[in-house]
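Student: I have a protein model open on my screen and would like to go through it with you. Could we take it question by question?
Tutor: Happy to, let's have a look together.

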Amino acid sequence: MRLETLAIHGGNIVTDSEKPVIQPITLSTTFIHQEDSMIYSRANNPNRASLENLLAKLEQGADAAAFSSGNAAGVSVFQALEPGSHIIAPDDMYHGLKKGIQTLFAGVLEASFVDMTDLDKVEQAFKSNTKLIWVETPSNPLLKISDIEAISRLAKAHGAILACDNTFATPVFQNPILFGADIVMHSSTKYFGGHSDILGGALITKSKNEFWEKIKNVQITGGAVPSPMDCYYLCRSIKTLPYRMKGHAEHAMVLANYLSQNSKIEKVFYPGLKAHPGHEIAAKQMSGFGGILSFQVKEGADAADRLISKLKYYTNATSLGGVESLIERRAASEGPDTLTPQNLIRLSLGLEHLDDLLEDFEEALK
């Protein structure tokens, strides 16, 4: 099946005897004992099985594990590592997972945060106990582009696992496994959910190996799993994912070009722009450049806040990937230890009419 067909049909496994067109929600927490049956919903559930089957196929992997949040998914990878392991992670990455590495695993795991766009720095960061490289491309919030294939070669040369956060790109625009990633991570809260009303996370593996079994053990024994209702709604939302992503990316490209030509904007970060330092790599490993962009306002943080306050169709809120446009001054959300420039605004382009989104910025920037 091609992507659009897979998104619609790949998560619809009907076991009901009445054969409904859409899979029903199975709320039971326990199941009658019989051969090869499900036993308890923390371990498995028909709706979660459908979601995981769909996610594995979308990312062209061997298996998937769904979690109750993106952080729960990411943290499970770190939990599966042996104590004393060393992680190489991006200097620009989602602050929630970075905080998790620095606080939850302090004294248990080592971590080096490096510029993943510089392969020499990645190479220099390896230690004898390096077990995992974590890549986030495009990155949050600076939209840095990492060369997945090149970093994969480095990981394999050092016997390390390569995990890639593919939340911004989604499998519509990027399949990290095809470029050598061993594990793909998603915050399914974002584009998979698509409507800012479902919390979730997911991991997809290239192969069912020993490390993947450790992750599955964290998922099932730890129990940070999504509800049947959340799994059902994620499968429903993913049906429109390919078409939503095309609209998000189209709007982001137009806004990126518009903002890059405005005299009040210092800099625009969007890999679809040819001036972006990672544009060539993005064009090689992505079929589209996504719906997120960031930009810096020339007059500083106060001017950025004033600009946000004047917009009508962009909601000042954290998160991204919904059908509504969201905007925030990112450093204000990340806290006092942030490395994000104070004048940087992150913008998640929604699916409102493009002319309304442009006119809104034109008025606010006057």
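Student: Which residue forms a salt bridge with Glu 4?
Tutor: Keep in mind that this is a predicted model. A salt bridge here needs a side-chain nitrogen of Lys or Arg within 4 Å of a carboxyl oxygen of Asp or Glu. For Glu 4 the closest N and O atoms are 3.1 Å apart, and the partner is Lys 246.

Student: How many salt bridges does the rule find across the interface of domain 1 and domain 2?
Tutor: The domain assignment gives domain 1 as 3–236 and domain 2 as 241–365. Across the interface of these two domains, the number of salt bridges found by the rule is three.

Student: And how many residue pairs are in polar contact between domain 1 and domain 2?
Tutor: Here both residues of a pair must be at pLDDT 80 or more. With that condition, the count between the two domains is 13.

Student: Which elements give two or more residues to the side of domain 1 that touches domain 2?
Tutor: By class, that side has 16 nonpolar, ten polar and five charged residues. The elements that each give two or more residues to it are helices: H1 (3–9), H4 (95–104), H6 (148–157) and H7 (170–173).

Student: What area do domain 1 and domain 2 bury between them, and which three residues supply more of domain 1's part than any other three?
Tutor: In terms of contacts, 31 residues of domain 1 meet 41 residues of domain 2. The two domains bury about 3,000 Å² between them, with 64% of it on carbon and sulfur atoms. Of the area that domain 1 buries against domain 2, 26% comes from Ile 145, Phe 173 and Tyr 191.

Student: Where are the cis peptide bonds of Pro 138 and Pro 141 found?
Tutor: Most peptide bonds are trans. Thr 137 and Pro 138, however, are joined by a cis bond with omega about -10°, and the bond from Asn 140 to Pro 141 is cis too, with omega near 15°. Pro 138 sits in the loop between strand S4 (130–136) and H6, and Pro 141 also lies in the loop between S4 and H6.

Student: What is phi of Gln 60?
Tutor: Most residues other than glycine have a negative phi. Gln 60 lies in the loop between helix H2 (46–58) and strand S1 (63–67). Its phi is positive, near 60°.

Student: What radius of gyration does the protein have?
Tutor: A compact globule of 366 residues would have a value near 21 Å. The protein agrees with that, at 21 Å.

Technical notes:
Residues are numbered from 1 along each chain as its sequence is written. This is a predicted model: local features need pLDDT of at least 70, side-chain atom pairs count only at pLDDT 80 or more; totals for chains, interfaces and linings use all residues. Side-chain values use heavy atoms; hydrogens and water are left out. Domain bounds come from an automatic or database domain assignment. Contact means heavy atoms within 4.5 Å. Buried area is the accessible area (1.4 Å probe) that two parts lose on being put together, summed over both. A polar contact is a pair of N or O atoms within 3.5 Å; within protein, one must be able to donate a hydrogen and the other to accept it, and residues adjacent in sequence count only if both atoms are side-chain atoms. Helices (H or I, at least four residues) and strands (E, at least two) are DSSP runs, numbered from the N terminus. Ala, Val, Leu, Ile, Met, Phe, Trp, Tyr, Cys and Pro count as nonpolar, Asp, Glu, Lys and Arg as charged, and the others, Gly among them, as polar. The radius of gyration is taken over C-alpha atoms; the globule rule is 2.2 Å times the number of residues to the power 0.38.
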